[in-house]
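Biologist: I should like a close look at one part of this model, starting from a single charged side chain and working outwards to the elements around it. Please describe its surroundings in one connected account.

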Amino acid sequence: MKKVICLVICLISLCHAQEPAAQQPGPKKFPEDVLQTPPVVFAVGHDYQIMVPVVTEAMISCEINGKTYYDANNGVINTATRVRRMTVPQAELNAAKEYTLCCRVVKKRAEYYTKTEPLQKKTYAFRPLEKTENIKIFMLPDTHDHVKASIAAAQYFGKELDLLILNGDISEGLSGYNNIAQIYKIAGGVTNGEIPVVYARGNHELRGAMAEQLPLYAPVRDGYFYYTFRLGPVWGIVLDCGEDKDDGHAEYGHAVACHDFRVKETDYLKRVIANAANEYDAADVKYRLIVCHVPFMHINNKPFDIELDIYREWCKLLRENVKPQLMLCGHFHTIRVVRPGHAWDNLGEPCPVVIGSRPGGSMDDYTGTAIELSARKAAIHFVHSTLKINGEDVIEFK
Ligand SMILES: [Fe+2]
């Protein structure tokens with residue numbers, strides 16, 4: 001009898017071993033199980049585009065002062081791509097100084113009765129750029145995969161940082177989503193979604209299979225990477241040179257059409273100038289910036305000699321109309337200020353040009369640029385990832 005009982009117990013144990021209880025994973029926690037990085041608040045025009053990379057299919061919306069802003073197109077909530085975008089008026093977030101991300105993880109998207117996990121929320125503080133003096137900006141061009149080192153350099157101003165500028169070539173190329181994710185790792189890592197960020201595309205971000213999809217994953221104005229922005233007393237225009245060689249260069253394999261892109265951009269620049277009263281001539285604008293990855297000028301040993309008529313026209317339009325105080329660039333992997341009339345200025349630069357990046361051979365070695373704006377000048381410091389100052393300059397405003 002005892003043997004029979006043991007046999008039954010063994011059989012029951014064996015059955016249980018063969019049929020384990022169904023694993024019911026608990027709901028994903030928000031944000032840690034859903035967001036790849038903290039959110040990033042990009043400035044475009046008079047809006048913010050609050051963007052978050054997700055690691056699981058999720059519906060994300062944003063609440064500000066009781067109003068909900070959705071990531072949707074034509075009435076359909078977006079979940080297919082790995083970055084969510086909520087466009088909100090700057091005035092609303094500037095007044096509220098906080099926003100709440102709302103998340104429903106998708107269990108099954110269906111034609112009928114789509115199933116989601118319960119609603120979860122997280123509130124983020126936000127500090128708009130409102131002061132008019134001692135505005136602290138950190139610019140990161142050409143990070144070229146130096147994620148940790150660029151985040152380290154951008155700690156220069158600590159909690160006093162007012163604006164982060166990602167100025168192109170954030171990754172070496174866009175062969176996969178992981179390259180795009182570096183934008184969020186750096187911007188989310190530096191700002192935690194609490195201050196504004198301006199993004200300008202670099203020429204390396206035209207390269208690779210994901211390059212054509214970048215507008216889905218990065219801030220754009222009506223699909224374009226050139227746009228104006230306002231942040232308190234700062235007006236800026238982000239320009240995009242596209243690639244740095246002619247469209248027919250063998251390196252591109254027929255995969256770019258930047259000439260047409262630049263022609264359209266010239267038209268946009270003229271439209272901005274025609275609307276000056278609502279752009280750079282608005283009453284409360286104190287600072288006028290150009291943000292552009294490629295400094296369109298001749299540089300020793302690296303001649304920039306394409307589309308000279310177009311870039312000469314851009315310089316003239318900017319110089320005679322916008323009258324910017326600063327142009328912020330990267331691309332040449334050097335750190336210096338080039339003033340109008342310098343030997344490198346072959347097109348009639350509209351203002352001093354800050355070329356501000358030096359990525360090193362080691363992933364720990366990166367230098368970016370700290371800019372402090374005040375009424376009469378900009379203080380420039382080129383800051384290494386160790387926070388050592390590698391160079392400095394002062395630009396007096398006219
Ligand atoms: Fe570049």
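Modeller: Arg230 is a suitable starting point: its relative accessibility is 10%, so it counts as buried, the limit being under 20%. The model is a predicted one. The side chain of Arg230 forms a salt bridge with that of Asp284, with an N to O distance of 3.3 Å. This pair connects distant parts of the chain, since Arg230 belongs to strand S14 whereas Asp284 sits in the loop between H6 and S16, 54 residues apart. The partner is placed otherwise with respect to solvent: Asp284 has a relative accessible area of 48% and is partly exposed.

Strand S14 spans residues 227–231 and also holds Thr228. At 7% relative accessibility, Thr228 is buried. Apart from its neighbours within four places in sequence, Thr228 touches Val44, Gly45, Trp235, Gly236, Ile237, Tyr268, Val272 and Glu279. One of these, Glu279, lies in the loop between helix H6 (258–274) and strand S16 (287–292), the loop that also carries Asp284. Glu279 is likewise buried, with a relative accessible area of 12%. Its contacts beyond four places in sequence are Thr228, Trp235, Val272 and Val285. With Trp235, the side chain of Glu279 makes a polar contact of 2.8 Å. Further along the chain, Lys316 is 37 residues from Glu279 in sequence, and the two C-alpha atoms are 18 Å apart.

Helix H6 itself is tied to another helix. Lys270 and Glu313 form a salt bridge whose closest N and O atoms are 3.2 Å apart. Because Lys270 is in helix H6 and Glu313 in helix H7 (residues 308–322), this bridge joins parts that lie 43 residues apart in sequence. Both ends are partly exposed, with relative accessible areas of 40% for Lys270 and 29% for Glu313. Before helix H6, the loop that leads from strand S15 (234–239) contains His254. The phi of His254 is near 70°, a positive value although the residue is not glycine. Most residues other than glycine have a negative phi. At 80% relative accessibility, His254 is exposed.

A second charged group can be set beside the pair of Arg230 and Asp284. Arg207, Glu243, Asp244, Lys245 and Glu251 are joined in a network of salt bridges. Within this group, Asp244 pairs with Lys245 at 3.0 Å between the closest N and O atoms. Asp244 is buried at 18% relative accessible area, while Lys245, at 21%, counts as partly exposed. The two values fall on either side of the 20% limit, which is why the labels differ. Over the whole structure, the search finds 21 salt bridges.

The contacts of Thr228 also lead to the domain boundary. The protein is divided into domain 1 (40–125) and domain 2 (135–396). Thr228 falls within the range of domain 2, and its contacts include Val44 and Gly45, whose numbers fall within the range of domain 1. The centres of the two domains, taken over C-alpha atoms, are 27 Å apart. To the contact, domain 1 contributes 19 residues and domain 2 contributes 26. The size of an interface is often given as the accessible area lost when the parts come together. Here about 1800 Å² is buried between domain 1 and domain 2, and carbon and sulfur atoms give 62% of that area. Val40, Phe42 and Ala43 account for 27% of what domain 1 buries against domain 2, more than any other three residues.

Which polar interactions cross this interface? The rule finds zero salt bridges between domain 1 and domain 2, but ten residue pairs are in polar contact across it. On the side of domain 1 that touches domain 2, strands S1 (40–44), S2 (47–53), S7 (83–89) and S10 (120–125) each provide at least two residues. S1 gives the largest share, five residues. By type, that side of domain 1 comprises twelve nonpolar, five polar and two charged residues.

In summary, buried Arg230 reaches Asp284 through a salt bridge, and Thr228, on the strand S14, touches both Glu279 and Val44.

How values were computed:
Residues are numbered from 1 along each chain as its sequence is written. Side-chain values use heavy atoms; hydrogens and water are left out. Domain bounds come from an automatic or database domain assignment. Contact means heavy atoms within 4.5 Å. Buried area is the accessible area (1.4 Å probe) that two parts lose on being put together, summed over both. A salt bridge is a side-chain nitrogen of Lys or Arg within 4 Å of a carboxyl oxygen of Asp or Glu. A polar contact is a pair of N or O atoms within 3.5 Å; within protein, one must be able to donate a hydrogen and the other to accept it, and residues adjacent in sequence count only if both atoms are side-chain atoms. Helices (H or I, at least four residues) and strands (E, at least two) are DSSP runs, numbered from the N terminus. Ala, Val, Leu, Ile, Met, Phe, Trp, Tyr, Cys and Pro count as nonpolar, Asp, Glu, Lys and Arg as charged, and the others, Gly among them, as polar. Buried means under 20% relative accessible area, exposed over 50%, partly exposed in between (1.4 Å probe, protein chains only).
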